[in-house]
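Colleague: I would like to learn how to read a model like this one, feature by feature. Could we start with how strands line up, and then go on to cores and helices?

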Amino acid sequence: MLTLLFLSLFLAAQNTGQVKWRVSSQKINDKEYSITAKGTIADGWRIFSNKTNIDGLEKATINFTDSSIEKTGVLQITGTEKTTTDPVFEQAATTVENNITFTQNIKFTGIVPGNLKIVLAFSFAKGSEAFFTEQGEKFDVQLEGGVSINVNDNRIKISTIDLKNPAANCGNATAGGSSKGLWQIFLIGFLGGLIALLTPCVFPMIPLTVSFFTKKETNRKKGIANALIYGGFILLIYILLSVPFYFLPKGNEEILNNISTNPWLNISFFIIFIVFALSFFGLYEITLPSSIANKADSKSNTGTIAGIFFMALTLAIVSFSCTGPILGSLLVGALDGGAINLTAGLAGFGLALALPFALFALFPQLLSSLPKSGGWLSEVKVVLGFIELAMAIKFLSNADLTQHWGVIKREVFIGFWILCGLGITLYLLNVWPLKRKYPVKFSKAKWVFTILFAAITIYLIPGVTNTQYSKLSLISGFPPPYCYSVYNHQYYCDEPIKDYDEALKLAKEKNKPIMLDFTGWNCVNCRKMEENVWPDERVKKLMDEFILVSLYVDDREKLPAHKQFTYTTADSSKKEIVTVGDKWATFQVENFGVTSQPYYVLISPDEKLLNMPAAYEPSAAAYAMWLQCGLDAFNKK
């Protein structure tokens, strides 16, 4: 379900092909224009006029990719109109056939571009079927007297950058980043799977399932083999969830990054995780449709390999209410690294779930050492509910950062986490007034976890202050950056340049090399580097020798209309450069062939590569060596 949600949000809208449009503009005065779209409608098709008022029917609009453009007046639709009882809605509707004209007057509050991108959306029908151009049909229209885009504004490919021939073939930070990242994601997935094992949906299934295999078969070896196959199928099922992501459309290499940083997707996950949290608190139960589980379960009783597969599938389905939120966190966290990262994370998750079934099948005597199901499982579920709330605010923060809403500032984020930690601590101490079905017992393990969550909560408290103790390096990357603060003068805050051409101009003036920092508002490892590695005295001293420019590949702020353009990529596909993130993500892919962040590049003022680029490197010493390598190469030029 989660996989389908990701894919459905990014299916490209098909051009209707039923209307041929000609778009033009007419200047009214210096800042005002009239935009006209004339359409020839194919035989048998009709477009709904905005005079039609039917619930669920979308009105026709002409929209623009620059929010500074103001519409003056309503959209005018002209053509031969006909009002009849429409066969789709069985209500009176006004439609236009054959030829239609849309006219929208607009006013610019800023610079008038020479070329304007417009998005035309409308509802249309044929016979008893109706459609709406959800993403709209996109057109470029020339504006008389508008400012043409500066040649530097649409410069993406830098011809002087040669990845195969840097000035110095040195630096050891590159190799460490990506491989460690995959293992980290695998281990995070494995940890998520271990947590899922302790939920009421999964834990009771372990002894039942193992006993089923070992006792059903008269041949113990066959029973063990079937249990091992069962565990293997669990692993396979979770790995298969990543397969669709390998078949995403080509020509847009950063699509997974776009999915993971999409603000509306993050808001959707914020809502979903709130719903899951309330379910963990016992307000209601969330399960997949019983028909799905019943169908899988009916095929699991055949005693064949296929039957064992459907047993594993049944486990995955019926445990969804507990594993779904954990799995969703893993999917979103791994998306920006590509499909291979998803596979690594899901493999870790599936392996953790599968291991107990194989382990206890091989050593059934260990089953007696398992703790009995009871009230502690319900307590685990409630604790997970608070963790889900903490994850929910992370998704809302992701959307807030990329859209620059300024709602979830760093201290607000940490404050919410403090409340969640306090809630867990009070609940485990039996102070929190949530209804319990079992008598409260205080075991050694429970005291350990109570003290742990209390310590975490206390650790977070300085994070809401405007002091030197607010750094919280142990959770670097999860809260918003230091500069995204409610305070005017926050510690550790030093905003870098965020435009390449500005940095290049300054580098030429000062004759200093440039450090390109490909980063993202939602990039956890980027924050770890900025908060833990960059402040190191050796690193900071070397970085001062460079002009630092941070290029945010997930920034959803729209470029001014006169700086938006269509770029032809290396594989001859067309890409619309509309937002700041569009520009720098394309810049990274076209020049360096990678989409992951963080990604660091050192170049000279004449735009030549000084050494090999670097990825995530948590060792300050290794990162300093890489910087020194590039600086030495520049000084030799």
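Modeller: Happy to. One residue pair makes a good entry point: K117 has D140 as its bridge partner in β10. Keep in mind that this is a predicted model.

Colleague: What is the general idea behind such pairing, parallel or antiparallel?

Modeller: Strands in a sheet are held to one another by backbone hydrogen bonds, and the pairing can be parallel or antiparallel. Here, β7 (residues 115-121) and β10 are paired in the antiparallel sense, over six bridges. Further along, E137 in β10 is the residue opposite L120.

Colleague: Which strands make up the open sheet, and in what order?

Modeller: The order is β4-β7-β10, three strands with antiparallel pairing. β4 and β10 are the edge strands, each pairing on one side only. On average, neighbouring strands in this sheet are turned by 35° against each other, if direction is ignored.

Colleague: And how do I read the two faces of β10, covered and uncovered?

Modeller: Follow the alternation along residues 137-142: E137, F139 and V141 lie on the covered face, while K138, D140 and Q142 lie on the uncovered one. So much for the sheet; the core comes next.

Colleague: Which residues of the largest nonpolar core touch the most other members?

Modeller: They are W21, I47, F102, L116 and F122, out of 29 residues in that core. At least two residues each come from β1 (19-27), β2 (32-41), β3 (45-48), β4 (61-64), β5 (69-86), β6 (91-108), β7 and β10. The strand that gives the most is β6, with five residues. There is also a second, separate core of 28 residues, with F518, F592, I603 and L609 among them.

Colleague: Let me zoom in on F102. Is F102 buried or exposed?

Modeller: The test is relative accessible area, and anything under 20% counts as buried. F102 has a value of 0%, so F102 is buried. This residue is in strand β6. Leaving out residues up to four places away in sequence, F102 touches W21, I35, T36, A37, I47, A60, I62, L75, Q76, I77, L120 and F122. For a distance to check on screen, the C-alpha atoms of F102 and G79 are 9.2 Å apart, with their positions 23 residues apart along the chain.

Colleague: What does W21 contact, beyond its neighbours within four places in sequence?

Modeller: Its contacts are A37, K38, G39, I47, I100, F102, L120, F122, E137 and F139. Notice that E137 and F139 belong to the covered face of β10.

Colleague: Now a helix. How would I check the length of α17?

Modeller: Compare the expected span with the model. With 1.5 Å a residue, the 13 residues of α17 (residues 580-592) should span 18 Å, and the end C-alpha atoms are 18 Å apart, so the two agree. As for cover, 13 of the 13 residues in α17 are buried. After the helix comes G593, with a positive phi near 65°.

Colleague: Finally, how should I read the whole chain?

Modeller: Begin with the inventory: 18 helices and 15 strands. Of the 637 residues, 49% are buried. Then look at contacts between residues at least 6 apart in sequence: 74% of them join residues at least 24 apart. The accessible surface comes to about 30,300 Å², and carbon and sulfur atoms account for 59% of that.

Terms used: Residues are numbered from 1 along each chain as its sequence is written. This is a predicted model: local features need pLDDT of at least 70, side-chain atom pairs count only at pLDDT 80 or more; totals for chains, interfaces and linings use all residues. Side-chain values use heavy atoms; hydrogens and water are left out. Buried means under 20% relative accessible area, exposed over 50%, partly exposed in between (1.4 Å probe, protein chains only). Helices (H or I, at least four residues) and strands (E, at least two) are DSSP runs, numbered from the N terminus. Two strands pair if DSSP finds at least two bridges between them. A nonpolar core is a set of buried Ala, Val, Leu, Ile, Met, Phe, Trp, Tyr and Cys residues joined through side-chain atoms within 4.5 Å. Contact means heavy atoms within 4.5 Å. The expected span of a helix is 1.5 Å times one less than its number of residues. Axes are lines fitted to C-alpha atoms, for helices over the stretch in contact, and angles run from 0 to 180 degrees between N-to-C directions. Accessible areas come from the Shrake-Rupley method with a 1.4 Å probe; for residues, only the protein chains shown count as cover.
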